[in-house]
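Student: I have a model open and I'd like to learn how to read its charged pairs and its core. Can you walk me through it?

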Amino acid sequence: MPGLLLGDVFPDFEAETTTGTIQFHEFLGDSWGILFSHPKDYTPVCTTELGRAARLSGEFSKRDVKMIALSIDLMEDHHGWTKDILAYNCEESPESTLPFPIIADSKRELAVSLGMLDPDMKDSDGMPLTARCVFIIGPDKRLKLSLLYPATTGRNFDEILRVVDSLQITAGKQVATPADWKLGDCVMVPPSMSEEEAASLFPDGIYTKDLPSGKKYLRYTPHP
């Protein structure tokens, strides 16, 4: 539905995909999930994105993340386009099939219901293009992150992988991650946590950055 908020249960839906009919929540199971949408098949930016997603699929699998794409064309187009994506991708990942399904949403019903349309970009028929959405869903089926790119701007899948790392560590540990954080970097102790509680939770130690204000709110601890 339009206006889906962080923490909302992500809508369940049935869809036709390149690997058969799925029920979305059943498809995810107990895994994390990423649903990412595309404006149209056989377009250059989309082809590079799906190729990059395929190259990183092993990294997402290591993190127990299931990926699924969406494009508004017919299933027949998806199957034909997949060959181009694999050809683009073959130097780094010589696969015979994509490691994730593509949803066929030719009537745009799912794109509309999830608020995926880009009102400023139109196709040759004057219809709004599907934006480049990224929805990250947790094992509890709740929306953990959403990114909404215009139809003309390709995504950075390395950043999406980084965000998954942050979401997973902050879900499992009582920590936050600072700007430009990467897996293995120090994490931050939330301001709401007392010094005593922090000391008991983080035995590797805590250090505080000195600031002109004298306030001790920038607290770091090694990657737990």
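**Reading salt bridges and cores**

Tutor: Let's start with one pair: Arg132 and Glu49 form a salt bridge, with the closest N and O atoms 2.7 Å apart. Keep in mind that this is a predicted model.

Student: Which parts does the pair Arg132 and Glu49 tie together?

Tutor: Look at where each partner sits. Arg132 belongs to strand S8 and Glu49 to helix H2, so the pair ties together parts that are 83 residues apart in sequence.

Student: Are Arg132 and Glu49 buried or exposed?

Tutor: For that you need a cut-off: buried means under 20% relative accessible area. Arg132 has 3%, so it is buried. Glu49 has 2% relative accessibility, so it counts as buried too.

Student: How many salt bridges does the structure hold?

Tutor: There are 12. Try Arg63 and Asp165 next, a salt bridge whose closest N and O atoms are 2.5 Å apart. Arg63 lies in the loop between helix H3 (57-62) and S4, while Asp165 lies in helix H6, so this pair ties together parts 102 residues apart in sequence.

Student: And what is the relative accessible area of Arg63 and of Asp165?

Tutor: Arg63 has 15%, which is buried, and Asp165 counts as buried at 8%.

Student: Which residues do shared partners join into one network?

Tutor: When salt bridges share partners, you follow them from residue to residue. Here they join Glu59, Lys62, Arg63 and Asp165 into one network.

Student: Can you show me a pair with other accessibility values?

Tutor: Sure. The side chains of Lys216 and Asp210 meet in a salt bridge at 3.2 Å, N to O. Exposed means over 50%, with partly exposed between that and the buried cut-off. Lys216, at 48% relative accessibility, counts as partly exposed, whereas Asp210, at 60%, counts as exposed.

Student: Now the core. Which residues have the most contacts inside the largest nonpolar core?

Tutor: The idea is to look for buried nonpolar residues joined through their side chains. The largest such core here has 28 residues, and those with the most contacts inside it are Ile34, Phe36, Leu50, Phe60, Phe100 and Ile136.

Student: Which helices and strands each supply at least two residues of this core?

Tutor: On the strand side, they are S3 (32-38), S4 (65-71), S8 (132-137) and S9 (143-149). The helices are H2 (44-55), H4 (75-89) and H6 (157-172). H6 gives the largest share, six residues.

Student: What does Phe36 touch?

Tutor: Leave out residues up to four places away in sequence, and its partners include Leu50, Ala53, Met67, Phe100, Val134 and Phe157. Arg155 is also one of the residues that Phe36 touches. There is a second, separate core as well, with 21 residues, including Leu4, Ile103, Ala131 and Phe135.

Student: Let's zoom out. How many helices and strands does the protein chain have?

Tutor: Seven helices and 12 strands. To see how sequence-distant residues meet, take the contacts between residues at least 6 apart: 63% of them join residues at least 24 apart. As for burial, 42% of the 224 residues count as buried.

Student: And how do the charges add up?

Tutor: Count the side chains of each sign, then compare where the two sets are centred. The protein chain has 22 positive and 34 negative side chains, and the centres of the two sets lie 5 Å apart.

Definitions and conventions
Residues numbered from 1 in each chain as written. Predicted model: local features only at pLDDT ≥ 70, side-chain atom pairs only at ≥ 80, totals over all residues. Heavy atoms only, no water. Core = buried A, V, L, I, M, F, W, Y, C linked by side-chain atoms within 4.5 Å. Buried < 20%, exposed > 50% of the residue type's maximum accessible area, 1.4 Å probe, protein only. Helix = DSSP H or I, 4+ residues; strand = E, 2+ residues; numbered from the N terminus. Contact = heavy atoms within 4.5 Å. Salt bridge = Lys/Arg side-chain N within 4 Å of Asp/Glu carboxyl O. Lys, Arg positive; Asp, Glu negative; His and termini not counted. Charge placed at Lys NZ, Arg CZ, Asp CG, Glu CD.
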